[in-house]
Amino acid sequence: MKYKLVVCGGTFDHFHKGHREFLRYGLSISDKLLVGLTTDEFVKAKDTIGPIYDYKTRKQELENFFIQEKARNRVSIEPIGSIYIPKIWEQLSIEAIVVSKNTISAAKKINLVRKEQRKYPLIIKTVQLVKSQHNEYISSSSIRSGEINREGRLNVNPYWLNHSLIITEELKKEFKKPFGILIKDKKDYGNLISPFIITVGDITTKVFNQMGQNPDISVVDFRVARHKEFFSLKDLGFSKVQEVIRVNNPQGYLTSDLFEAVSNIFGSPKSRCRIVLKIEGEEDLSVLPLTLRAPLSSIVFYGQPGEGVVRVDITERSKEVAYGLANQFKIVNTNFDSPLKKILYL
């Protein structure tokens with residue numbers, strides 16, 4: 001059945017596949033679709049994982065979608081500061097409301113208010129949520145947390161959790177180039193307010209500790225240019241209790257254990273203590289799994305030999321680049337010991 005006027009609402013952050021299907025359904029059952037878009041003030045009051053785009057950006061993404069669907073003239077977008085229909089639409093003859101199964105309760109509250117106002121209740125139309133590669137519903141929070149992309153693809157391929165990867169000769173040339181912005185002076189590190197500050201490499205980690213930056217996650221192997229230089233975390237400037245995860249990752253490899261350790265770190269609530277990934281082997285390539293799995297807006301720093309420090313801002317683009325690089329590694333059947341997690345007292 002088609003309705004003349006249908007309403008729906010949401011935050012529509014990091015506009016993804018699930019949003020597209022939700023709005024396509026709304027368009028399919030309506031002559032005109034009213035879309036309530038949450039304000040920045042409303043969003044700030046929510047406890048969210050990672051930064052949410054501002055109202056202007058989210059509205060532009062909505063408009064771009066409706067233009068692509070050749071339906072912009074059938075849609076009205078207005079700001080909403082609550083779950084309720086904005087006053088500008090209160091006098092309209094809205095017939096139905098489109099919701100997901102997670103927001104049916106909001107539609108019921110709207111109908112209770114309409115009943116008090118002696119208005120007809122809205123017909124509630126529920127849309128099935130779209131699932132991601134790991135059979136969970138696609139959500140903006142999962143995108144912001146670094147777990148999936150906007151199409152629901154896992155940023156860490158499940159195959160990599162069971163197989164080790166080895167770098168090819170062609171890729172070695174690629175990895176000699178900075179993966180991010182090359183910084184020659186530590187005063188140019190930039191804004192370090194981020195969900196996670198991550199350092200890869202002993203010297204980079206030591207410099208950050210000496211600066212008092214205290215990275216949330218550090219990846220070290222006690223070596224510099226493959227020569228043993230350090231013998232304890234104290235040598236690197238750590239002074240408090242750390243959670244240390246030991247991972248076997250030989251030179252030139254990305255082991256399944258490394259991918260698993262990184263996935264576990266970001267798959268659980270942020271630890272109160274700092275985390276150190278102590279690599280038995282070589283830590284250089286760990287920039288890839290960290291980029292793939294860290295929440296958006298995190299920052300990874302690693303040393304570029306003889307040149308300075310590279311800053312990698314974790315964005316959707318940097319994740320796609322990292323995914324493409326990891327896909328070019330050669331898969332090998334070699335198995336390595338599982339990581340050993342323990343608390344190390346310094």
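Start with the contact map. Of the contacts in the protein with a separation of 6 or more, 73% join residues 24 or more positions apart. Keep in mind that this is a predicted model.

**The whole chain**

Show everything as a cartoon. Ten helices and 18 strands make up the secondary structure. Along the principal axes, the C-alpha atoms fill a box of roughly 75 × 40 × 35 Å. Now switch on the surface. The protein exposes about 18000 Å², and carbon and sulfur atoms supply 50% of that. Of its 346 residues, 48% count as buried.

Colour by charge next. There are 52 positive side chains and 39 negative ones. The centres of the two sets lie 5 Å apart.

**The largest core**

Select Phe266 and Leu277. These two have the most contacts inside the largest nonpolar core, a set of 38 residues. Which helix gives the most to this core? Select residues 256-267: that is α8, and it contributes six residues.

Stay on Leu277 and display what surrounds it. Beyond four places in sequence, Leu277 touches Ser218, Val219 and Val220. Its contacts also include Ile245 and Val247. Leu258, Ala261, Val262 and Ile265 complete the list.

A second core of 22 residues is separate from this one. To find it, select Ile29, Leu33, Ile77 and Val127, which are among its members.

**Tyr3 and strand β1**

Go to strand β1, residues 3-10, and pick Tyr3. Is Tyr3 buried or exposed? Tyr3 counts as buried, because its relative accessibility is 5% and the cut-off is under 20%. Show its partners beyond four places in sequence. Ile29, Ser30 and Asp31 are in contact with Tyr3. So are Glu95 and Ala96, along with Ile123 and Lys125. Then draw a distance from Tyr3 to Leu33. The two are 30 residues apart along the chain, and their C-alpha atoms are separated by 9.5 Å.

**Two positive phi angles**

Select Lys70, in the loop between α3 (55-68) and β3 (75-80). Its phi is near 55°, a positive value in a residue other than glycine. Most residues other than glycine have a negative phi. Lys70 is exposed, at a relative accessible area of 75%.

Jump to Arg226 for another case. Here phi is near 70°, again positive in a residue other than glycine. Look for Arg226 in the loop that runs between β10 (223-224) and β11 (227-228).

**Asn214 and its loop**

Select Asn214, between α7 (202-211) and β9 (217-220). This loop residue is partly exposed, with a relative accessible area of 39%. What does Asn214 touch beyond four places in sequence? Its contacts are Phe208, Asn209 and Arg274. Arg274 lies 60 residues away along the chain, yet the C-alpha atoms of the pair are separated by 8.0 Å.

**Ser141 and helix α5**

Move to helix α5, residues 140-144, and pick Ser141. At 28% relative accessibility, Ser141 is partly exposed. Draw a line from Ser141 to Phe179. In sequence the two are 38 residues apart; C-alpha to C-alpha, the distance is 26 Å.

**Helix α10, side by side**

Finish at α10, residues 316-326. Select its buried residues: Ser318, Lys319, Ala322, Tyr323, Leu325 and Ala326. Why do they sit on the same side of α10? They cover an arc of only 160° around the axis, so they share one side. The general rule helps here. An α-helix has 3.6 residues a turn, so residues three or four places apart point the same way.

Now show what covers those buried residues. The cover includes β6 (164-166) and α6 (169-174). It also includes α9 (287-293) and β16 (308-313).

Add Val321, also in helix α10. Val321 does not count as buried, because its relative accessible area is 36% and buried means under 20%. It is partly exposed. For a last distance, join Val321 to Gln68. Their C-alpha atoms are separated by 26 Å, with their positions 253 residues apart along the chain.

Technical notes
Residues numbered from 1 in each chain as written. Predicted model: local features only at pLDDT ≥ 70, side-chain atom pairs only at ≥ 80, totals over all residues. Heavy atoms only, no water. Buried < 20%, exposed > 50% of the residue type's maximum accessible area, 1.4 Å probe, protein only. Helix = DSSP H or I, 4+ residues; strand = E, 2+ residues; numbered from the N terminus. Arc of directions from axis to C-beta. Contact = heavy atoms within 4.5 Å. Areas by Shrake-Rupley, 256 points an atom, 1.4 Å probe, with all protein chains shown as cover. Lys, Arg positive; Asp, Glu negative; His and termini not counted. Charge placed at Lys NZ, Arg CZ, Asp CG, Glu CD. Core = buried A, V, L, I, M, F, W, Y, C linked by side-chain atoms within 4.5 Å.
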